[in-house]
Amino acid sequence: MPVTQRLVVNRRGSTVWEVECDRGRYAVKLGYAIEATADWPAQPWTALAPAREGAVLHRLGFDDFAYGEWERGTWNFQPWHEGPDLYQLWEPCRGQGSPLEPHTGVALGCIEALAELHAKGWAHGDVQPAHFIIGPERTYLIDLALARGGPVPEEYDFPFRGCLVHYEAPEIARSVLATGEAEPTREADIYALGASLLISATGWRAVEYPDDAPRPVQREAVASGRRRPVRAAGELGALIDAMLGHAPEDRPTINEVAKALS
C-alpha cells in the first residue's frame with residue numbers, strides 16, 4: 001500500500017508515478033495503446049512498453065522490480081532513482097553569458113552508465129538527456145523499453161520504429177524513412193549520447209531543422225548529415241564532435257569515449 005504517490009508523467013500511451021511504500025520508493029509505469037487521430041497515427045506498441053522494459057530488466061539481471069498486464073495494456077514497477085536528469089542539471093550552463101561550463105565528471109558518469117549496458121551486449125535505443133538520472137553516488141540510465149540485445153517474450157515484443165529524432169543517428173533515420181523500422185545499435189547509442197551532451201550543454205540540437213517540422217522532415221535532415229558545428233568548449237566539445245560522426249564506423253566506442261574523457 002503506498003504511503004505517498006506523485007504523478008510524474010502523463011503523456012500519450014504512458015503514465016508514470018513516484019510511489020513510496022514500506023519497502024521503499026518506486027517508479028510505477030502504466031502503458032496503454034494510442035488510438036489514431038487526424039494528426040497522430042495509432043501506436044499500439046505503447047501498451048506493451050512497460051512489460052517489455054520489465055523483461056529487459058530481467059534479462060540484464062536486475063532485481064526488485066515486477067511487470068504484468070492490466071485491462072488496457074501492461075505495467076511495471078522498479079526502484080526510483082533520485083536526482084535531476086542531465087538536461088536539468090546543466091541548465092545553468094546554457095544561460096546567455098553564463099560563466100559555468102559543463103562538468104566533465106557529469107559527462108563521464110553518463111558515459112559509464114551507458115558503458116555498463118554495452119558491456120552486457122545491449123543497445124539502449126532511446127538515449128536522451130531525460131534518461132540519465134544524476135544521483136548523489138552514481139548516474140543511472142533509465143527507460144529500457146526499446147533496448148535490444150537479447151530475447152524478450154514474444155507477446156511483449158514490438159519493432160523499433162525510431163526514437164526522438166533529435167537523438168537519432170543518421171543510419172537510424174534513413175532506415176525508418178525507408179522501411180518504418182530500424183535496429184538499435186551501440187554505434188547509434190554513441191551518436192545519441194553525443195547529441196544529448198550537446199543539447200544539454202548548449203541548448204542546440206545536433207542537426208538544424210525547423211522546430212515545428214514534421215518528423216519525416218526532421219529525419220531527412222538527420223539522414224542527410226546537415227549537422228551544426230559543435231560549439232561546446234574544450235575536450236568535451238572535441239569528444240562530442242567525434243561521437244556525432246555521420247558513419248557508424250567513424251564514431252568511437254563507449255570505452256574509447258570513457259578513456260578520452262577520464
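**View 1. Is Glu154 buried or exposed, and what is its relative accessible area?** Glu154 is exposed, with a relative accessible area of 73%, where buried means under 20% relative accessible area, exposed over 50% and partly exposed in between, computed with a 1.4 Å probe on protein chains only. The model is predicted, so that local features need pLDDT of at least 70 and side-chain atom pairs count only at pLDDT 80 or more, whereas totals for chains, interfaces and linings use all residues. Residues are numbered from 1 along each chain as its sequence is written, and side-chain values use heavy atoms, with hydrogens and water left out. Glu154 sits in the loop between strand 7 and helix 4; here helices (H or I, at least four residues) and strands (E, at least two) are DSSP runs numbered from the N terminus. Although Glu154 and Arg52 are 102 residues apart along the chain, 9.4 Å separates their C-alpha atoms.

**View 2. The open sheet and the helix that packs on it.** Five strands, paired antiparallel, form an open sheet in the order 1-2-3-5-4, two strands being counted as paired if DSSP finds at least two bridges between them. Strand 1 (4-11) and strand 4 (66-70) are the edge strands, each pairing on one side only. On average, neighbouring strands are turned by 20° against each other, direction ignored; axes are lines fitted to C-alpha atoms, for helices over the stretch in contact, and angles run from 0 to 180 degrees between N-to-C directions. The antiparallel strands 1 and 2 (the latter residues 14-21) are joined by 7 bridges, and Leu7 stands opposite Trp17 in strand 2. Helix 1 packs on the sheet by touching strand 3 (24-32), strand 4 and strand 5 (73-79), and its direction makes about 45° with that of strand 5.

**View 3. Glu18 and a network of salt bridges.** Glu18 is found in strand 2, and at 13% relative accessibility it counts as buried. Its closest N and O atoms in the salt bridge with Arg25 are 2.2 Å apart, a salt bridge being a side-chain nitrogen of Lys or Arg within 4 Å of a carboxyl oxygen of Asp or Glu. Arg25 counts as partly exposed, because its relative accessibility is 33%. The network links Arg6, Glu18, Arg25 and Glu82. Neighbours within four places in sequence aside, the contacts of Glu18 (heavy atoms within 4.5 Å) are Thr4, Gln5, Arg6, Val8, Arg25, Tyr26, Trp80 and Glu82.

**View 4. Two salt bridges between distant parts of the chain.** The model has 12 salt bridges by this rule. In one of them, the side chains of Asp64 and Arg23 meet at 3.0 Å, N to O. Asp64 belongs to the loop between helix 1 and strand 4, and Arg23 to the loop between strand 2 and strand 3, 41 residues apart. Asp64 is partly exposed, with a relative accessible area of 33%, while Arg23 is exposed at 53%. Glu171 and Arg251 form another such pair, at 2.8 Å from N to O. Glu171 lies in helix 4 and Arg251 in the loop between helix 7 and helix 8, 80 residues apart, and both Glu171 and Arg251 are buried.

**View 5. The largest nonpolar core.** Nonpolar side chains in soluble globular proteins tend to be buried together. A nonpolar core is taken as a set of buried Ala, Val, Leu, Ile, Met, Phe, Trp, Tyr and Cys residues joined through side-chain atoms within 4.5 Å. The largest one holds 63 residues, of which Trp90, Phe132, Leu193 and Leu197 touch the most other members. Elements that each supply at least two residues include helix 1 (49-59), strand 6 (132-134), helix 4 (170-179) and helix 5 (186-202), and helix 5 gives the most, with 10 residues. Beyond its neighbours within four places in sequence, Phe132 is in contact with Pro84, Asp85, Leu86, Cys110, Val127, Thr139, Tyr140, Leu141 and Leu193.

**View 6. Helix 3 and its surroundings.** At 1.5 Å a residue, the 16 residues of helix 3 should span 22 Å, and this agrees with the 22 Å between its end C-alpha atoms; the expected span is 1.5 Å times one less than the number of residues. Among its buried residues are Val106, Cys110, Ile111, Leu114, Leu117 and His118. The elements covering the buried residues include helix 2 (86-89), strand 6, strand 7 (139-141), helix 5, helix 7 and helix 8. Gly121, with a positive phi near 90°, follows helix 3.
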